[in-house]
Structure formats: C-alpha cells, structure tokens
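Here is a short report for a first look. Please view the sequence and the fold, then read on.

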Amino acid sequence: GDFSNDRIIPDCIRAAQKKENIIVRNPYSTRPYQHVLEPLFAYLMIAAKQCDDITLSDYYNVGPDDCDCFETGALVDLFVKHWGDIKWENKSDGGPHEANFLKLDCAKLKRTFSWQPRWNLDKAIEKTVEWSKCWLSGNDVRLCMDKQIEEFEEKCIGFKESFPIRIPYLNAVDKIIEIKNIFQSIFKVSSTICTQEAFNTDGVCTIIYIKHGYGRACSCLFIL
C-alpha cells in the first residue's frame with residue numbers, strides 16, 4: 001500500500017521506525033495480500049500477450065491464491081517475525097464499517113495465461129521488510145529493488161524469454177502504440193502515450209507510460 005494513514009504495512013513500518021507497538025484496528029478482517037511485483041508482472045504479461053493476440057483483450061483479476069488471503073492479525077504476525085523486536089496490539093475501536101472478508105477470483109487469468117503467483121505472503125513480507133530496512137537506513141534502495149526483481153524473475157519460468165521488464169532498445173514505438181490501442185479498446189476511453197525523462201545512477205533514462213482519458217496513469221510502463 002501507499003504511505004497514507006490506515007494502511008496496515010505502512011503502519012507497521014512507521015511503528016517499527018518509532019520503536020512503538022503496532023496498532024491493529026481490525027485483526028480479524030481477511031484480505032488478499034501479495035507483493036507489488038506480482039500484479040506488475042501480470043500486467044506486463046497480459047499486455048505482451050495481447051499485443052500478439054488481440055482476442056485476449058479483456059478484464060482480468062490479479063490477486064493471490066486463497067492460502068494468502070490472511071486475517072490482518074496474521075499478516076502483522078508475519079511482519080513481526082521478519083522485522084524482529086516489535087509487538088502489536090489489538091486496538092479495535094469500532095470505527096467505520098469494513099467487510100470482514102475480501103478476495104479476488106483470478107480463475108480467468110490462470111486459465112487464459114497459465115499464470116500463478118510466484119511469491120507467497122511469507123516471502124512477500126520478507127522482501128517488504130528487506131526493502132523497508134534498506135530505505136530507512138539510507139542505503140541504495142534501487143540496488144535492493146533490482147536484486148528483488150532479479151530474484152522474482154528467477155521464479156518466473158520462461159519469463160525472460162517471453163518479454164523483458166526493461167526494453168533495451170529505443171525503437172519500441174510501434175509496440176507501445178499497439179499496447180495503447182489495446183488499452184483503449186479495453187477501457188473504452190482515449191489513451192495517450194506519455195514520456196518523461198528521469199535521472200538515475202546510470203544517467204538519464206526515458207520512462208514511457210500510457211495515460212487513460214480519465215487521468216489514471218499508468219497502465220503499462222517501459223523504461224528505456
């Protein structure tokens with residue numbers, strides 16, 4: 001999640017940073033949790049496959065297996081295990097209504113693309129803690145992220161052969177236009193190809209993303 005208030009993992013990180021107990025408002029609500037690399041991989045895979053076969057254009061849910069739909073308290077237990085030297089408290093305050101159980105049906109995604117999640121929730125929390133400690137310590141988070149992406153790729157059999165996360169060439173315009181047209185057909189709104197220069201340790205890179213008519217970016221991201 002982002003770093004807004006009432007996001008369980010950011011709340012855990014903030015508490016750990018302050019060396020305070022983690023406050024959990026609703027430890028018995030069940031939610032589908034997964035590492036951010038899971039949906040990113042799935043989005044890129046879907047886009048790449050749709051470029052080759054327009055009939056695959058459709059809506060797909062991306063989420064964890066049922067075994068990784070955890071109660072919030074159990075999720076925080078995992079965080080405590082991987083972070084170490086921290087505790088959590090049940091401080092249910094009868095706040096706004098929340099559904100007790102949420103999950104996603106990913107059967108179509110699995111059936112169509114033979115997709116499966118790569119990291120279970122225990123591994124996802126381990127990698128989240130690893131990144132968070134790197135960030136809080138002022139270390140090289142980009143190096144940490146690159147290492148985690150490489151580890152994730154190793155779990156994706158055939159992934160590198162299918163398409164790369166980073167497109168290492170500048171003549172990708174035709175493919176990007178193709179993907180833009182696919183997203184337009186899916187979302188039924190106009191889409192725009194946007195570019196932005198960004199600085200990193202290797203110099204300047206170009207970020208290309210697809211922005212939809214209703215303002216949400218980005219459905220697909222390329223780093224050149």
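## Contacts and cores

Leaving aside neighbours within four places in sequence, L75 is in contact (heavy atoms within 4.5 Å) with I8, I9, Y33, F70, L121 and I125. This is a predicted model: local features need pLDDT of at least 70, side-chain atom pairs count only at pLDDT 80 or more, and totals for chains, interfaces and linings use all residues. Residues are numbered from 1 along each chain as its sequence is written, and side-chain values use heavy atoms, leaving out hydrogens and water.

L75 also belongs to the largest nonpolar core, which has 20 residues. Such a core is a set of buried Ala, Val, Leu, Ile, Met, Phe, Trp, Tyr and Cys residues joined through side-chain atoms within 4.5 Å. I8, I22, L75, V76, F79, L121 and I125 have the most contacts inside the core. At least two of its residues come from each of α1, β1 (22-24), α3 (72-83) and α5. A second, separate core has 16 residues, including M45, I46, F113 and C156. In soluble globular proteins, nonpolar side chains tend to be buried together.

## Two helices

Helices (H or I, at least four residues) and strands (E, at least two) are DSSP runs, numbered from the N terminus. The axes of α1 (residues 8-18) and α5 (residues 121-136) come within 11 Å and cross at roughly 45 degrees. That makes α1 oblique to α5; angles under 35 degrees count as roughly parallel, over 145 as roughly antiparallel, 65 to 115 as roughly perpendicular and the rest as oblique. On the α1 side, I9, I13 and Q17 take part, and they meet I125, T128, S132 and L136 in α5. By class, this contact has four nonpolar, three polar and no charged residues.

## Three single residues

Buried means under 20% relative accessible area, exposed over 50%, and partly exposed in between (1.4 Å probe, protein chains only).

| Residue | Place | Relative accessibility | Class |
|---|---|---|---|
| T30 | strand β2 (residues 30-32) | 11% | buried |
| D6 | segment before α1 | 49% | partly exposed |
| K19 | loop between α1 and β1 | 77% | exposed |

What does T30 touch, not counting residues up to four places away in sequence? T30 touches C69, F70, E71, N100, F101 and L102.

Now the backbone. Most residues other than glycine have a negative phi. D6 has a positive phi of about 60 degrees, although D6 is not a glycine. K19 is not a glycine either, and has a positive phi of about 60 degrees.

Definitions and conventions: Axes are lines fitted to C-alpha atoms, for helices over the stretch in contact, and angles run from 0 to 180 degrees between N-to-C directions. Ala, Val, Leu, Ile, Met, Phe, Trp, Tyr, Cys and Pro count as nonpolar, Asp, Glu, Lys and Arg as charged, and the others, Gly among them, as polar.
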